[in-house]
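Visitor: I would like to learn how to read a model like this one. Where do we begin?

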Amino acid sequence: MGRVIAIANQKGGVGKTTTCVNLAASMAATRRKVLVIDLDPQGNATMASGVDKYEVPRTAYELLVDEVPFAQVVVTATSGGYDLIAANSDVTAAEIRLMEVFARESRLRTALAGVRELYDYVFIDCPPSLNLLTVNAMSAADSVLVPMQCEYFALEGLTALVDTISKLAAVVNPALCIEGILRTMYDHRNRLANEVSDQLKQHFGDKVYRTIIPRNVRLAEAPSFGAPAMYYDKSSLGAKAYLALAGEILRREEQLATPA
């Protein structure tokens with residue numbers, strides 16, 4: 001059964017969507033079967049996957065609210081080689097509609113129950129806020145991958161997010177844990193970034209990925225071409241970094257699966 005990883009941070013602009021799309025493409029390139037679920041009404045992960053959010057016939061809205069079968073919602077032709085549950089502005093209404101339905105916090109978990117076995121990895125791109133869509137993602141996920149910039153306010157935001165994950169684990173998903181903390185948009189010449197990075201390693205130990213995602217123009221440009229960085233410029237530092245992250249996640253999983 002595939003692993004479901006929510007990519008979340010309550011702070012915006014930290015590289016959630018960039019991480020979701022590029023990590024998914026990197027995993028797909030290793031011949032893993034991958035699904036991306038876009039739960040952000042901005043639909044950035046959808047557009048970065050080469051899918052027009054204005055033209056897609058069904059989105060996460062239909063999956064969560066109308067309970068349309070997964071097979072009728074999933075998009076199988078993306079530029080990253082993975083499957084996609086798309087999002088657009090309609091998903092904004094999903095949060096309001098979900099308030100009226102039974103078991104509203106577990107709709108996504110229910111929708112994935114019969115299809116997880118089809119995938120090796122399912123990555124969920126969460127909106128940058130703690131709303132009902134994020135709660136659905138946390139309820140469905142095995143773990144949470146946290147992208148963050150190494151700056152002062154990001155540390156405060158991380159503390160709040162860890163507290164939120166603990167509370168959600170107690171209420172909706174006892175198995176939920178932190179998958180890892182990913183340092184993004186990193187500039188090693190910045191002294192503050194290095195200091196925050198050291199603090200992260202002191203507090204979270206091996207939960208902090210060894211892989212660091214650098215500031216990279218190609219990563220920023222790729223979404224406007226509707227493709228992950230590895231298909232836009234595979235020689236770029238950003239594309240190589242996400243391939244390295246995929247390799248690190250796979251190695252961690254192998255180590256956990258190997259008996260001591």
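**Reading a helix, the fold and the pockets**

Guide: Start with one helix and its buried side. The buried residues of H8 are Ala154, Leu155, Gly157, Leu158, Leu161, Thr164, Ile165, Leu168 and Ala169. Keep in mind that this is a predicted model.

Visitor: What covers the buried residues of H8?

Guide: Look for elements in contact with them. The cover includes helix H7 (132-140), strand S5 (143-149), S6 and helix H9 (191-204).

Visitor: How many residues does H8 have, and what span does it reach?

Guide: Compare the end-to-end distance with the expected one. H8 runs over residues 152-171, which is 20 residues. From first C-alpha to last it reaches 30 Å, close to the 28 Å expected at 1.5 Å a residue.

Visitor: Take Thr164, in helix H8. Why does Thr164 count as buried?

Guide: Check relative accessibility against the cut-off. Buried means under 20%. Thr164 has 11%, so it counts as buried. Next, look at its partners. Beyond neighbours within four places in sequence, Thr164 is in contact with Gln10 and Leu130.

Visitor: Now the whole chain. How many helices and strands are there?

Guide: The protein has 12 helices and seven strands. Of its 260 residues, 54% count as buried. For overall dimensions, use the C-alpha box: roughly 50 × 40 × 40 Å along the principal axes.

Visitor: What does the radius of gyration add?

Guide: It gives a test against a compact globule. For 260 residues, that globule would have a radius near 18 Å; the protein has 17 Å, which agrees.

Visitor: What share of the contacts comes from residues 24 or more positions apart?

Guide: Count contacts with a separation of 6 or more. Residues 24 or more positions apart account for 80% of these.

Visitor: On to pockets. What is the volume of the largest pocket, and which residues are closest to its centre?

Guide: Read volume, then lining. The volume is about 450 Å³. Of the 29 lining residues, Gly15, Lys16, Thr17, Thr18 and Met185 are the closest to the centre. Helix H1 (16-29) and strand S6 (177-186) are among the elements that give two or more residues. H1 gives the largest share, five residues. By class, the lining divides into 16 nonpolar, 10 polar and three charged.

Visitor: And how does the lining of the second largest pocket divide?

Guide: Two residues are nonpolar, one is polar and six are charged. The lining includes Arg3, Glu179, Asp206 and Lys207. Helix H12 (residues 237-257) gives the largest share, five residues. The volume of this second largest pocket is about 320 Å³.

Notes. Residues are numbered from 1 along each chain as its sequence is written. This is a predicted model: local features need pLDDT of at least 70, side-chain atom pairs count only at pLDDT 80 or more; totals for chains, interfaces and linings use all residues. Side-chain values use heavy atoms; hydrogens and water are left out. On a 1 Å grid over the protein atoms alone, a cavity is a set of points where a 1.4 Å probe fits but cannot get out, and a pocket is an open set with protein on both sides within 12 Å along at least five of seven lines; lining residues have an atom within 4 Å of a point. Grid points are joined across faces, edges and corners, and a volume is the space filled by probe spheres set on the points. Helices (H or I, at least four residues) and strands (E, at least two) are DSSP runs, numbered from the N terminus. Ala, Val, Leu, Ile, Met, Phe, Trp, Tyr, Cys and Pro count as nonpolar, Asp, Glu, Lys and Arg as charged, and the others, Gly among them, as polar. The expected span of a helix is 1.5 Å times one less than its number of residues. Buried means under 20% relative accessible area, exposed over 50%, partly exposed in between (1.4 Å probe, protein chains only). Contact means heavy atoms within 4.5 Å. The radius of gyration is taken over C-alpha atoms; the globule rule is 2.2 Å times the number of residues to the power 0.38.
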